[in-house]
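Visitor: Please take me through one part of this model in detail. I would like a close look at the ligand and its surroundings.

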Amino acid sequence: SKAQLFDKDTHVSINFNDVAGLEEAKVEIMEIVDFLKNPKKYTTLGGKIPKGALLVGPPGTGKTLLAKAVAGEAKVPFFSLSGSDFVEMFVGVGASRVRDLFKQAKEKAPCIIFIDEIDAIGRARGRNQITGANDERENTLNQLLTEMDGFATNAGVIILAATNRADILDRALLRAGRFDRQIHVELPDLEERKAIFKVHMKPLKFDESVGVDFLSKQTPGFSGADIANVCNEAALIAARRNKTEISKQDFMDAIDRIIGGLEKRNKIIS
Ligand code: ATP
């Protein structure tokens, strides 16, 4: 519901094993896990722990998954909200939601705050200023900046945010002491697609005609989310065909179906 913008259930069971590929991003984000687990190690030498990092990359590439894995690995609570939830919000509500979220997080520190689709709140100010909805977005952004500046670097709260458009973000968000680190998450290459297929095929029953080499060759340009979809669709197709195991043909039909969906999506956009 619109009334509840962040998950009340803050416990996360996802860890780095659930995230296939993305080796560079994992190394970078591992540092954040260590900041949360051993803050003293850094602060005793006078270092300032970063307050946040921005995960940048195309849709469905595992940004949310990675943020959850940080919380899972560090065994800390995970608070999340999505920028798009703010779009239809009444005046004043967005800012107070941000305030509530930070208040809760500070009480539960060490913890992670995750803001998905931060571009919906954090677009550069002063553009498209026609409707009142924009003022509300600006209030929400200002509150976010205020909150980020308002807590100490050693408060144990790390804010991760995700976007596929870092270029349109308000510069104020990217300033030192805010989201001054960017972690890039790209579409998976052939080897990474194999690894992602392996993760998502683990719960499936399939016969020996099915191989991850073949499947990853058939899926250039697919995101992790697309691959997860293929695996689920293949299982549903095989079940509809009253099979006891998923075959290569079922997977191929699933891939065709997902490609059909992607083409439709691209047509709507262009
Ligand atoms: P969006 O920008 O659309 O929010 P996202 O980058 O946050 O996308 P996720 O929500 O993390 O993407 O990914 C969606 C789902 O796709 C995950 O829950 C997972 O099932 C699958 N997935 C994506 N990337 C990976 C990956 N690298 N390894 C394993 N599964 C993945």
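Guide: What follows covers the ligand, its contacts and its pocket. The model is predicted. Start with the shell. The ligand is surrounded by 17 residues. Among the closest are Ala20, Gly60 and Lys63. Thr64 and His200 complete that closest group. By type, the shell holds eight nonpolar, six polar and three charged residues. Three helices each give it at least two residues: α3 (63–74), α8 (190–201) and α10 (224–240).

Now the polar contacts. The side chain of Thr64 places an N or O atom 2.6 Å from a ligand oxygen. At Leu65 the partner is a polar backbone atom, 3.0 Å from an oxygen atom of the ligand. His200 addresses a nitrogen atom of the ligand instead; a polar atom of the His200 side chain lies 2.9 Å from that nitrogen. On its own, the ligand has 630 Å² of accessible area, and the protein covers 77% of this.

Next, the space itself. The ligand takes up the space of the largest pocket. The volume of this pocket is about 440 Å³. Its lining counts 24 residues, and those closest to the centre are Ala20, Gly21, Leu22, Thr61 and Val185. α1 (23–37), α8 and α10 are the elements that give the lining two or more residues. The lining divides into eleven nonpolar, seven polar and six charged residues. Two helices appear in both accounts: α8 and α10 supply the ligand shell and also the pocket lining. Ala20 recurs too, among the residues closest to the ligand and among those closest to the pocket centre.

Conventions. Residues are numbered from 1 along each chain as its sequence is written. This is a predicted model: local features need pLDDT of at least 70, side-chain atom pairs count only at pLDDT 80 or more; totals for chains, interfaces and linings use all residues. Side-chain values use heavy atoms; hydrogens and water are left out. A residue is near a molecule or strand if one of its heavy atoms lies within 4 Å of it. A polar contact is a pair of N or O atoms within 3.5 Å; within protein, one must be able to donate a hydrogen and the other to accept it, and residues adjacent in sequence count only if both atoms are side-chain atoms. Accessible areas come from the Shrake-Rupley method with a 1.4 Å probe; for residues, only the protein chains shown count as cover. On a 1 Å grid over the protein atoms alone, a cavity is a set of points where a 1.4 Å probe fits but cannot get out, and a pocket is an open set with protein on both sides within 12 Å along at least five of seven lines; lining residues have an atom within 4 Å of a point. A molecule sits in a cavity or pocket if more than half of its atoms lie within 2 Å of its grid points. Helices (H or I, at least four residues) and strands (E, at least two) are DSSP runs, numbered from the N terminus. Ala, Val, Leu, Ile, Met, Phe, Trp, Tyr, Cys and Pro count as nonpolar, Asp, Glu, Lys and Arg as charged, and the others, Gly among them, as polar. Grid points are joined across faces, edges and corners, and a volume is the space filled by probe spheres set on the points.
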